[in-house]
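Let's take a friendly walk through a protein model together. Have a look at the sequence and the structure before reading on.

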Amino acid sequence: MVLTGLPGSVFPHVKPIIGLDKVVHLLMYATFAFLCLWGYRQQFISNGIAYQRKALLLAVVISIAYGGITELMQEYLVPSRTGDWIDFLADAIGTLVGTLLFYLFFRQKK
């Protein structure tokens with residue numbers, strides 16, 4: 001939240017690399033969703049399928065909502081920053097990637 005709330009003038013002006021910003025958003029939110037689920041890890045492993053679904057849904061909702069809130073904050077509250085729907089989409093895709101990686105990493109072997 002700190003980095004997304006800083007004014008644009010704080011960041012160095014570099015020649016943009018097309019798409020790099022979206023890759024950064026995707027990686028940040030993949031990490032965020034994975035870590036949300038990591039917090040639920042023990043419950044995820046031991047409390048059955050109903051809890052697993054709730055944990056997955058909660059992590060996805062929290063991550064996507066957080067991405068939306070940061071984009072709205074940048075648009076309306078942070079000087080020289082703008083919110084971007086494509087950034088939000090990259091956040092949402094990153095959330096799904098992080099959730100999928102967590103699931104693949106911690107799925108139970110039958």
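The report below looks at two residues of one helix, then at a surface patch and a core.

Keep in mind that this is a predicted model.

**Two residues in helix α4**

Start with helix α4, which covers residues 85–106. D87 is found in this helix, and I86 lies in helix α4 too. How do these two compare in their exposure? The table gives their values.

| Residue | Relative accessibility | Class |
|---|---|---|
| D87 | 6% | buried |
| I86 | 47% | partly exposed |

The cut-off helps here: buried means under 20% relative accessible area, so D87, at 6%, counts as buried. I86, at 47%, counts as partly exposed because the range for that class lies between 20% and 50%.

**Around D87**

Which side chain makes a polar contact with the side chain of D87? The partner is H25, at 3.4 Å. If we leave aside neighbours within four places in sequence, D87 is in contact with D21, K22, H25 and E71.

**A patch on the surface**

I86 also belongs to a nonpolar patch on the surface. The other members are L89, I93, V97, L100, L101, Y103 and L104, and the patch has about 690 Å² of accessible area together.

**The largest nonpolar core**

Now turn to the largest nonpolar core, made of six residues: C36, L37, A55, A59, F102 and F106. Two or more of its residues come from each of α1 (20–39), α3 (48–76) and α4. One of the core members, C36, is in contact with A59, I62 and S63, again leaving aside neighbours within four places in sequence.

Terms used. Residues numbered from 1 in each chain as written. Predicted model: local features only at pLDDT ≥ 70, side-chain atom pairs only at ≥ 80, totals over all residues. Heavy atoms only, no water. Helix = DSSP H or I, 4+ residues; strand = E, 2+ residues; numbered from the N terminus. Buried < 20%, exposed > 50% of the residue type's maximum accessible area, 1.4 Å probe, protein only. Polar contact = N/O pair within 3.5 Å; in protein donor to acceptor, adjacent residues only side chain to side chain. Contact = heavy atoms within 4.5 Å. Patch = residues over 30% accessible without salt bridge, like charges linked within 9 Å, V, L, I, M, F, W, Y side chains within 5 Å. Areas by Shrake-Rupley, 256 points an atom, 1.4 Å probe, with all protein chains shown as cover. Salt bridge = Lys/Arg side-chain N within 4 Å of Asp/Glu carboxyl O. Core = buried A, V, L, I, M, F, W, Y, C linked by side-chain atoms within 4.5 Å.
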